[in-house]
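Student: Could we go through this structure together? I would like to begin with the metal sites and then move on to the fold.

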Amino acid sequence: MPAKKDQPATKGGARKPRKRLGLAGRVAMIAVAAAFVAALAQWVVTPILAQGEIRNQRHIAVTSGANLLADVARVHAEAGHWAEIPTLVNALSNGLPEGQSAVFDANWKLLAIDGVDAPLPARATLDELVKDPNGIFKTGERFYAARPIIAHGEAFGYALYSFEPRPFVNTWIMVVTLNAIVLSLFLLVIAPLIYRLARHALKPVTDLERRIRQRDAKDKSKLADSSDDRLLKPLLTAIDDVHERSEAAMRRALALAYTDPVTRLPNRLRFLSRLDATMAAGGEAYLAICDLDRFRQVNVTFGPRVADLALAVVGERLRAAASATGITSLFLGRIGADQFGILMPGATQDSVKACLSAAREAVSEAISVEGHTLRVTASFGAARAPQDAQSGGDLLKQAEVALKEAKREASRGIAFFDQSLLDRARAQSRLEEELRDGLDRGEFVAVFQPKVKFETGELVGAEALARWRRPDGAIVSPGVFIPIAEDLGLIAKLGKQVMRDACFAAAGWNRRGIISSVAVNVSPHQFDDPDFVGSVYRALDESGLPAELLELEITESAAVADPDRVARIMWPLRNRGVRLAIDDFGTGHSNFAAITRLPFDVFKIDQQFVRALSTDPHAPAIVEMILAMAEALGQETVAEGVETKEQADFLLRRACTIGQGYYYSPPLPADEFDAFVRSYRPRPADRFAA
Ligand code: C2E
Ligand code: MG
Ligand code: MG
């Protein structure tokens, strides 16, 4: 794998991390680079600036050459050695290298020439040239100067000198090369010296840099105290200031990251890290989870603001209850929307029990916030370290297992973890898994229990009841799987399957003219499904069952828990003709006023009253009361769990219209139900039986 760009190269990797230059190294490098740049600038600028001077020097050179030639020739002429002119020219040429010397007579006849081979200017040019004592003629790169040779006041002839200077670029390159070599050698010698000087000069800064790097979060000393340097001191004070401010900001950010803003308690993150630290330290500790029961309802009813304030009150009460029961070492945190964690290192089981009972009681006291009074209850699950778990995460899991147990009615809101709970929890999750699969595989079917009109004994309808037929043939009753399906959020899917089964079965009977209505049980959780009403319409439309022949049963307890919601969802169905029954009536501690506002057509008297008719002396009175009320409201009554003829007779006498129970038939699978209906002999109840 290639090493990442910003990671140091590994041993196996070819590239070594580049060593970064220190401060002094950088200063030395800057000095060397500056020297080079300065030299470069000089090399470029010098020839430009020196251009005029160079031209001047060339003029001087060519005129001096011509003057010298003319002067020497003049001396020769005056001495009468005119014939030696060629020798003279030769001798002078040696002294004026790279040039060309020539001497002419008074008629411009060439007498002698020597030096490099170059063309002579035209006669007219030469004539012009000798007239000007400073005259220079340039052709190509070559410069010419000519002077008259005058001896004894008489013109003997002319001297011409010319030369072509070496190209300037060549000279420049040569100079620059030499210069560069000298400069490099010089810098090579001087650079270490600069480096040492820079190191020395920057020592206070590098020392400071090291101190800042080595400084850890706990070091509260001020950098400014460590230096009296006039330049550094203000800088250090500024650094100290920035450091302090960033520390404070960091502290604030940490507090926000680890504190729950609603209750001001440590949040889940902080609680879990404390839990881990406690576990790592060893020793005994109890962890309890406090879970508020149905807190969602508080949110829905009073809104999130009131719910938040209530949570803060609960937090305070938990703390107060714990300290009142003598638990000194306590760490409390909010670990979920409606959950608190209570960590009690070193506590005994008795003190934890006392603490949780007190906390449960304290939480259940009425809470008054912003003019609202509300009540919440809490369940507590606790686990003990190191007996129940070795790590924080596991201890939390065990406490959750205990919490699940605490939520069961029998536990009265407080439970401690033990292995059997875990086994049960595992069996439960297996069952949950199987339920999911079973639902996908269509293992849930409806069975049908007939409903009979007491007076005539004729069949008037049936109630569809769900059954789980496991692959091994075992039949699971709804009392087991309905609550799980509700918990897992699968009840909507299951309910839809039963609804379709029931509607298709009833539509089939109806076509054959054998029976009329079908009743289907509806869980209040199904109301959470926005598609609920739509799914009922679809079942009716697709099966062809008239809406008047479908009856939906809602338990009394579900109906009174939120009557407005039930009414809101049920009205459209009822307007379409669907009938509504209140199931298990008599068990839901009804507020009768609320019940009568609901759009119900049928009361189903709970089977416990029917069963108690012969054993409990109060039962007949209760049943009579329910029947009287139903009659007054003009509603139909169905008695559940009719097992004997005596019960049927009694119920008929008390004006109950319909019965359902083993006396007529147990719930039957669809095909058996058909056979039952075909062979059915009506069994009317006897109003006058003793
Ligand atoms: P429920 O709606 O009150 O149904 C009546 C229960 O009484 C049924 O139990 C039925 O088998 C039983 N039963 C009928 N006649 C007699 C009798 O003569 N004696 C006795 N001892 N029991 C009798 P089941 O089928 O076990 O259903 C239990 C409960 O589960 C139902 O009570 C209903 O509340 C719920 N349930 C059943 N199917 C569904 C369903 O598809 N959806 C929903 N949400 N709940 C269902
Ligand atoms: Mg029912
Ligand atoms: Mg019932």
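Tutor: What follows is a discussion of a predicted model, beginning with the metal ions.

Student: Which residues coordinate the magnesium ion (ligand 2)?

Tutor: The donors to the magnesium ion (ligand 2) are E463 (OE), N521 (OD1), E553 (OE) and D583 (OD), at 2.0 to 2.2 Å. Along the sequence these donor residues follow the spacing E-x57-N-x31-E-x29-D.

Student: Where do E463 and N521 sit?

Tutor: E463 belongs to strand β14, and N521 to strand β16 (residues 517-521). The two are 58 residues apart, and the pair links distant parts of the chain.

Student: Is E463 buried or exposed?

Tutor: E463 counts as buried because its relative accessibility is 4%, and the cut-off for buried is under 20%. N521, at 29% relative accessibility, counts as partly exposed.

Student: And which protein donors does the magnesium ion (ligand 3) have?

Tutor: D583 (OD), D584 (OD) and E640, the last listed with two OE donors, lie 2.0 to 2.6 Å from the magnesium ion (ligand 3). Their spacing along the chain is D-D-x55-E. D584 is in strand β18 (residues 579-585), whereas E640 is in the loop between β20 (636-639) and α21. These two residues are 56 residues apart and again link distant parts of the chain.

Student: How accessible is D584, and what about E640?

Tutor: D584 is partly exposed, with a relative accessible area of 24%. E640 is buried, with a relative accessible area of 7%.

Student: Which residue coordinates both magnesium ions?

Tutor: D583 does: D583 bridges the magnesium ion (ligand 2) and the magnesium ion (ligand 3), which lie 4.1 Å apart.

Student: Let us change topic. E463 was in β14; which strand forms a hairpin with β14?

Tutor: That strand is β13, with five residues between the two. In the turn, G457 has a positive phi of about 80 degrees. β13 (residues 444-453) and β14 (residues 459-469) pair in the antiparallel sense over nine bridges. As one example of the register, A446 has A466 in β14 as its bridge partner.

Student: What other strands pair with β13?

Tutor: β13 also pairs in the antiparallel sense with strand β22 (residues 668-669), over two bridges. There, F448 stands opposite L668. Two bridges likewise join β13 to β21, and these strands run antiparallel. On that side V452 stands opposite G659.

Student: Why is β13 described as largely enclosed?

Tutor: Eight of its ten residues are buried, so β13 is largely enclosed by the rest of the structure.

Student: F448 came up just now. What is its part in the largest nonpolar core?

Tutor: F448 is among the residues that touch the most other members of that core, together with F454, F532, L550, L552 and L651. The core holds 85 residues. Helix α14 (residues 491-512) supplies the largest share, ten residues.

Student: Which residues does F532 touch?

Tutor: Leaving aside residues up to four places away in sequence, F532 touches V522, Q526, F527, L552, I569, M570 and L573. Apart from this core lies another one, of 36 residues, including A310, A321, L332 and I367.

Student: Is there a general reason for nonpolar residues to gather like that?

Tutor: In soluble globular proteins, nonpolar side chains tend to be buried together.

Student: Now the backbone. Which peptide bond is cis?

Tutor: The bond from A385 to P386 is cis, with omega near 0 degrees. P386 lies in the loop between β11 (378-385) and α11 (392-406).

Student: Which residues other than glycine have a positive phi?

Tutor: Two to look at are R294 and A655. R294 has phi near 50 degrees and is placed in the loop between β6 (285-292) and α8 (295-302). A655 has phi near 70 degrees and is placed in the loop between α21 (645-653) and β21 (658-659).

Student: How exposed are R294 and A655?

Tutor: R294 counts as exposed, at 70% relative accessibility. A655, at 41% relative accessibility, counts as partly exposed.

Key
Residues are numbered from 1 along each chain as its sequence is written. Chains are lettered from A and ligands numbered from 1 in the order in which they are written. Side-chain values use heavy atoms; hydrogens and water are left out. A nonpolar core is a set of buried Ala, Val, Leu, Ile, Met, Phe, Trp, Tyr and Cys residues joined through side-chain atoms within 4.5 Å. Buried means under 20% relative accessible area, exposed over 50%, partly exposed in between (1.4 Å probe, protein chains only). Helices (H or I, at least four residues) and strands (E, at least two) are DSSP runs, numbered from the N terminus. Contact means heavy atoms within 4.5 Å. Two strands pair if DSSP finds at least two bridges between them. Donors are N, O and S atoms within 2.8 Å of the metal (3.2 Å for Na, K and Ca); water is not among the atoms, so sites may look incomplete.
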